[in-house]
Amino acid sequence: MVGKNESDGGAEKSLDLFLKIGLDERTAKNTIANNKVTANLTAVIHEAAVTDGCDRIVGNLLYTVATKFPTNALVHRPALLKYVVSLKIKTPAQLEAAFSFLAATASDSLKVDDFEAACGVGVEVSQEDIESAVDEIFEENKSSIIEQRYRTNVGELFAHVRKKLPWADPKIVKQIIDAKLYSLLGERTAADNEKPQKKKKEKPSKAEEKVVEEAAKQPEEEINPYSIFPSPEENFKVHTEIYFSDRPVLRACNSKEILDKHLKVTGGKVFTRFPPEPNGYLHIGHAKAMFVDFGLAKDRGGCCYLRYDDTNPEAEKQEYIDHIEEIVRWMGWEPFKITYTSDYFQELYELAVELIRRGHAYVDHQTPEEIKEYREKKMNSPWRDRPIEESLKVFDDMKKGLIEEGKATLRMKQDMQSDNFNMYDLIAYRIKFTPHPHAGDKWCIYPSYDYAHCIVDSLENITHSLCTLEFETRRASYYWLLDALGLYQPYVWEYSRLNVTNTVMSKRKLNLLVTQKYVDGWDDPRLMTLAGLRRRGVTSTSINAFVRGIGITRSDSSMIRLDRLEYHIREELNKTAPRAMVVLNPLKVVITNMDASVMELDAKKWPEAPADDASSFYKVPFSKVVYIEKSDFRVKDSKDYYGLAPGKSVLLRYAFPIKCTEVIYGDDPETILEIHAEYDPSKKSKPKGVLHWVSETSPGVDPIKVEVRLFDKLFMSENPAELDDWLKDLNLHSKEVVNDAYAVSSLENAAVGDTFQFERLGYFVVDKDSSPEKLVFNRTVTLRDSYGKGGK
């Protein structure tokens, strides 16, 4: 057992080594907390021969090599490191290109000229070159930039520059673009900071998407994506400026007294919250929210609440509440506390009364249709200026259940002439005679999200209130309300939603797919719900790696390709899923020169299994009758075909070469009943083709029969949510069930949740529908990695 001092000494050595290559102290300490990354980075530093230190740029690149290098090409890592240390490869874009090239090369010999061309080795891009390219692009897009001002999509400008100069340093590109924007437009105005109404825009090409994603990556943020967030002690600065039509600008910020009181309660720790609505199952977009909320708290040694945003009793179910808690823990996060917005209903009610008393709220009797019309016309409600005492009395009647549902609401008195529609006197309370799943039947008035969310953030002393970009326009109402009540104000920061191609993420659409039985429940493996991904065999760690790779950005047009997620899934399963053999569509092969005995052969669970490690192998029977895939046999051979054909030999993996000697047909010349073959017990013949197979376990006894479910994309289009009739875009062949597949006997005792790589077929997991009579396997992903080969 390693003693504490010895262990501490190893950590100190690693810390010293990591600081020498230019990592900042926090990053180095975070790295030491991860044994796997520590081991990889230490190995990379020694391979690169920079144990005495190196430039910070080189150090950041070495860190990326340690965390992202393709595992199938480790033989080429020393060669890559020579390019990095010599700064022949010196930008993240070059390094990512190198990873893609090496992943496709795998263990084959490295073609140096092709590699250098693919990575831009020797290509020098000067600052003058970048300035010239930026000037040209600004000239081409000048009218659009002047029109959109600081709402201009900088990512698209990046994309144009990178098209012209793919190996330009992205940091310098950003600096020059920012300087050019400032030179052309001058200082930002208040209008520049308002989020515009979303317009349907032309979708960028896949190539542009990839360029924008890559340009946005910075080594520091890849190492620690949470470094962008300020500390709690800094929460005295102006959060946002709120412009009114009839009063001075409100510069929302905490007073010194309020901040000091907050810091005394929290001890200066980071407090975040993950606030899902319990009205459906969580999807992969929530995985990003968890990564941001729980991840920031963990990174800073703070706390993260799991808070159920349960303000709408009509849509909430205990099923969803239970699911959310379970899936949060499955994703690897541990809540500091589990709370409900309904826990604060009494405080929220009392603050609503105070808001009325201060003249900032009123009871309105307009219908929903009238409210909508008045908001569109920017007209004040006729009840807006009713006396405070009258609003207090009617609000009390609402609470007592004396007013019918739909006949009154409490509205915040904000600014109906504002340029921000989220300041148009938002509803704070509405009447609903519906029992609440958590609060019971105590209340018949319920707060809205816009009213409750910011107040509960404040009551729970949240330091960082993090949300997706569609909530950006609600910043004004968030801070207006906290200022109106004199409450502590958390730091709000918005990030881009996680949108994945070929699926829908809207809870409304997901609910429709489930309730109308287009899919087999919330955990259907074709859905991007976290329950569906888990049932499909996707691990929480691969999802978190996927989210981390995307980063915490504010890019508002991030549609991430599905194959990028699949890349991370394969990366993990390749290391954790043992190999096995399964034949989906069996074709019988009778080996005529073999007797009726059954041999036991060794098959590898792992491709690099050492010969002296028995645990790395499993036993497979080999008998006179074996089964291969029907697709692995052809009557007519060809030069580019490596399967079995009449008169041709193939190698049965882990077994012997066999040669087809006869084809046995059924009643017609198209139906093949079985193949006769002879095997080569000496293994002297060396056929090129290698096939997987399954054998009878004993003479006349069929192999284990299993059900295999093969899944494809649920939708044909990359963004079905944009389509008017999105349901017509469903892929009718997204699920294929193979009922009579044959499996090797080693799978007989597989349990629900066990994962395997079926050789040549993909990665699979045992489904919950399995029974003692029949195992059911779901395919997680195929073996083919289009993302790794196409470029990360």
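**Surface, cavities and a buried tyrosine in a predicted model**

The protein chain exposes about 36900 Å², and carbon and sulfur atoms supply 50% of this area. The model is predicted. Its C-alpha trace spans about 100 × 65 × 65 Å along the principal axes. The protein chain contains 27 helices and 29 strands. Of its 792 residues, 52% are buried. Among contacts with a separation of 6 or more, 71% join residues 24 or more positions apart. Charged side chains comprise 110 positive and 125 negative groups. The centres of these two sets lie 1 Å apart.

Enclosed space was examined next. Four cavities of 30 Å³ or more are present in the structure. The largest cavity holds about 130 Å³ of space. Its lining consists of 13 residues, and Tyr 449, His 453, Phe 471, Arg 474 and Tyr 478 are the closest to its centre. Two helices and two strands each supply at least two lining residues: H21 (449-459), H22 (475-485), E10 (464-468) and E11 (491-495). Helix H21 provides the largest share of this lining, with four residues.

Open pockets were considered as well. The second largest pocket has a volume of about 1600 Å³. A total of 45 residues line this pocket. Nearest its centre lie Asn 34, Val 37, Thr 67, Ala 545 and Arg 548. Several helices each supply at least two residues of the lining. They include H2 (25-32), H3 (35-47) and H4 (56-68). Helices H14 (219-223) and H16 (284-299) are also among them. Further along the sequence, H25 (540-550) and H26 (562-576) take part too. Helix H25 gives the most to the pocket lining, with seven residues.

One loop residue was followed in detail. Tyr 424 lies between strand E7 (409-412) and strand E8 (427-431), in the connecting loop. Is Tyr 424 buried or exposed? The relative accessible area of Tyr 424 is 9%, so this residue counts as buried, the cut-off being under 20%. Beyond its neighbours within four places in sequence, Tyr 424 is in contact with Arg 375, Lys 378 and Arg 411, among others. Gln 414, Asp 415, Met 416 and Ser 418 are also in contact with Tyr 424. Lys 399 is 25 residues from Tyr 424 in sequence. In space, the C-alpha atoms of Tyr 424 and Lys 399 are 24 Å apart.

Terms used:
Residues are numbered from 1 along each chain as its sequence is written. This is a predicted model: local features need pLDDT of at least 70, side-chain atom pairs count only at pLDDT 80 or more; totals for chains, interfaces and linings use all residues. Side-chain values use heavy atoms; hydrogens and water are left out. Buried means under 20% relative accessible area, exposed over 50%, partly exposed in between (1.4 Å probe, protein chains only). Contact means heavy atoms within 4.5 Å. Accessible areas come from the Shrake-Rupley method with a 1.4 Å probe; for residues, only the protein chains shown count as cover. Lys and Arg count as positive and Asp and Glu as negative; His and the chain ends are not counted. The place of a charge is taken as NZ of Lys, CZ of Arg, CG of Asp or CD of Glu. On a 1 Å grid over the protein atoms alone, a cavity is a set of points where a 1.4 Å probe fits but cannot get out, and a pocket is an open set with protein on both sides within 12 Å along at least five of seven lines; lining residues have an atom within 4 Å of a point. Grid points are joined across faces, edges and corners, and a volume is the space filled by probe spheres set on the points.
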